[in-house]
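Me: Please take me through the terms used to describe this model, and show how each one is justified.

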Amino acid sequence: MLAREYLREHADEYRTALKNRGATADLDRILELDAERRQTITRVETLKNQRNVSSQEIAALKKNKQDASAQIEAMKRVGDEIKELDARLTGIEERLTALELELPNVPHQSVPIGRDETANRVERTWGEKPKFDFVPKPHWDVGEALGILDFNRGAKVTGARFTFVNGAGARLNRALIDFFLDQNTSRGYSELVPPYIVNADSLRATGQLPKLEQDLFKLTDRDYYLVPTAEVPVTNFHRDETLPAESLPRLYTAYSPCFRSEAGSYGKDTRGIIRQHQFEKVEIVKFVMPDKSWLELERLTADAESLLQALGLHYRVAALSTGDLGFSAAKTYDLEVWLPGQNTYKEISSCSNFVDFQARRANIRYRTADKKSGFVHTLNGSALPIGRTLVAILENFQEADGSVRVPTVLQPFMKGLTRISAP
């Protein structure tokens with residue numbers, strides 16, 4: 001959520017931000033409601049002051065045994081008007097808040113301007129593309145031949161975009177979770193096991209509601225949703241709290257299954273396990289002081305990169321353009337891993353700074369030792385998604401005989417298994 005002062009004082013600047021994002025919003029109506037709200041508050045405060053003065057006059061008249069009926073009647077009318085204005089103010093606030101929740105964040109000045117992903121800017125690459133003396137296969141062929149990915153049974157049990165991961169593949173899946181959590185905690189992140197079902201307030205706080213509701217799975221009997229990412233419960237860990245400034249930054253990591261309808265992705269990545277309705281991720285989240293958040297974004301991105309580097313996976317880092325930027329983000333770096341079986345890069349992590357956008361919605365504040373307070377800045381990133389990392393390993397570490405080498409750093413988690421071979 002954006003500060004109302006910002007919208008009032010920088011309306012033209014925000015209109016430009018909306019244009020750069022390719023987004024629309026009824027900003028004029030928001031400004032009208034904001035002006036009406038402030039005028040109503042001023043009128044209510046004037047009337048309440050008038051009522052206080054009248055109360056003192058009435059008390060004085062009664063003390064002197066004088067008639068105060070005219071003043072009492074006038075004060076009753078003032079009270080009725082205050083009651084009416086308070087009700088009007090509640091309605092204005094509800095309409096204003098509903099419109100404000102539809103407003104996306106302001107892109108940082110360093111974000112490249114463009115209408116879609118074609119305007120994303122590659123910042124750097126790491127490692128080299130692996131070389132093969134055979135034509136590398138996509139992960140769905142590799143996984144099925146090894147008997148570790150079963151798409152047909154996943155579709156039978158549930159439907160499209162659900163998959164069984166079997167045998168050594170399941171062990172590799174679990175190894176990735178343990179490795180990512182161990183690496184993150186070694187870098188100062190505290191591990192959480194969050195709820196995998198959240199309420200609507202939590203999703204509004206992080207920005208999934210109301211804008212992205214079509215991508216969520218909702219329980220039918222209550223206002224609960226399956227988590228689309230651990231970002232939601234972990235960010236809401238401190239909702240409606242004021243944190244001592246000296247305790248910041250606070251760093252958290254959490255594993256969770258994730259559930260998304262992928263409503264806007266039909267026709268994309270229909271084969272394999274790149275885009276599933278159910279998948280798993282390890283997330284990293286930061287709560288930081290405002291003057292540190294841009295430095296912390298670089299550090300958070302480096303933490304996610306370190307996992308790919310440890311696995312020996314070639315990747316590149318891209319700054320997302322205004323048209324490709326997520327609703328809540330002020331700036332995002334995508335880590336895109338090389339997939340030789342598909343001859344392309346695929347996003348494997350998004351590392352974002354939301355500045356105070358989520359904190360305003362979640363009411364997460366800081367207070368300094370000298371009693372100054374404000375909203376914290378929140379950041380988060382994938383570190384890393386389990387399924388997409390599994391994809392990258394199958395494609396990058398495949399051998400001509402169809403087997404797959406286990407990255408060295410994962411072998412201790414695999415009970416010494418160094419290679420996955422067909423049964």
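**Terms and their grounds**

Reply: Both Glu283 and Lys281 are buried. This is a predicted model, and the discussion may begin with this pair.

Me: What makes the contact of Glu283 and Lys281 a salt bridge?

Reply: The term requires a side-chain nitrogen of Lys or Arg within 4 Å of a carboxyl oxygen of Asp or Glu. The side chains of Glu283 and Lys281 meet at 3.0 Å, N to O. That value lies within the 4 Å limit, so the pair qualifies as a salt bridge. Shared partners also link salt bridges elsewhere, joining Arg4, Arg37, Glu93 and Glu100 into one network. Over the whole structure, the search finds 30 salt bridges.

Me: Why is the pair Arg115 and Asp116 counted as a salt bridge?

Reply: The N to O distance for Arg115 and Asp116 is 3.8 Å. Because the limit is 4 Å, this pair is also counted as a salt bridge.

Me: What makes Arg115 exposed?

Reply: A residue is called exposed when its relative accessible area is over 50%. Arg115 has 76% relative accessibility and therefore counts as exposed. Asp116, at 21%, is partly exposed, because buried would require a value under 20%.

Me: Why is Asp34 called buried, and what is Arg38 called?

Reply: Asp34 has a relative accessible area of 3%. This is under 20%, so Asp34 is buried. Arg38 has 38%, which lies between the two cut-offs of 20% and 50%, so Arg38 is partly exposed. Asp34 and Arg38 form a salt bridge, with their closest N and O atoms 3.5 Å apart.

Me: How do you know that Asp34 and Arg38 are separated by about one helical turn?

Reply: The two residues are four residues apart in helix α3, which means that about one helical turn separates Asp34 from Arg38.

Me: Why is helix α3 called roughly antiparallel to helix α4?

Reply: The axes of α3 (residues 27-63) and α4 (residues 69-100) cross at roughly 160° and come within 9 Å. An angle over 145 degrees counts as roughly antiparallel, so the term applies to α3 and α4. The crossing of α3 with α4 is left-handed. In this contact, the residues divide into 16 nonpolar, six polar and 15 charged.

Me: What makes helix α2 roughly antiparallel to α3?

Reply: The axes of α2 (residues 11-21) and α3 come within 11 Å and cross at roughly 150°. That angle is over 145 degrees, and α2 is therefore roughly antiparallel to α3. Here the crossing is right-handed.

Me: Why is strand β12 said to be largely enclosed by the rest of the structure?

Reply: Strand β12 covers residues 344-353, and seven of its ten residues are buried, so the strand is largely enclosed.

Me: How do you know that β12 pairs with strand β11 and with strand β15?

Reply: Two strands pair if there are at least two bridges between them. β11 (residues 331-339) and β12 have nine bridges, in the antiparallel sense, so the condition is met. Within this pairing, Val337 stands opposite Lys346 in β12. The hairpin of β11 and β12 has four residues between the strands, and Asn343 takes a positive phi near 55° there. β12 and β15 (residues 377-385) have three bridges, also in the antiparallel sense, so they too count as paired. In that pairing, Cys351 stands opposite Gly381 in β15.

Key:
Residues numbered from 1 in each chain as written. Predicted model: local features only at pLDDT ≥ 70, side-chain atom pairs only at ≥ 80, totals over all residues. Heavy atoms only, no water. Axes fitted to C-alpha atoms, helices over the stretch in contact; angles between N-to-C directions. Parallel < 35°, antiparallel > 145°, perpendicular 65-115°, else oblique. Left-handed = near helix turned anticlockwise from the far one by under 90°. Nonpolar A, V, L, I, M, F, W, Y, C, P; charged D, E, K, R; others polar. Buried < 20%, exposed > 50% of the residue type's maximum accessible area, 1.4 Å probe, protein only.
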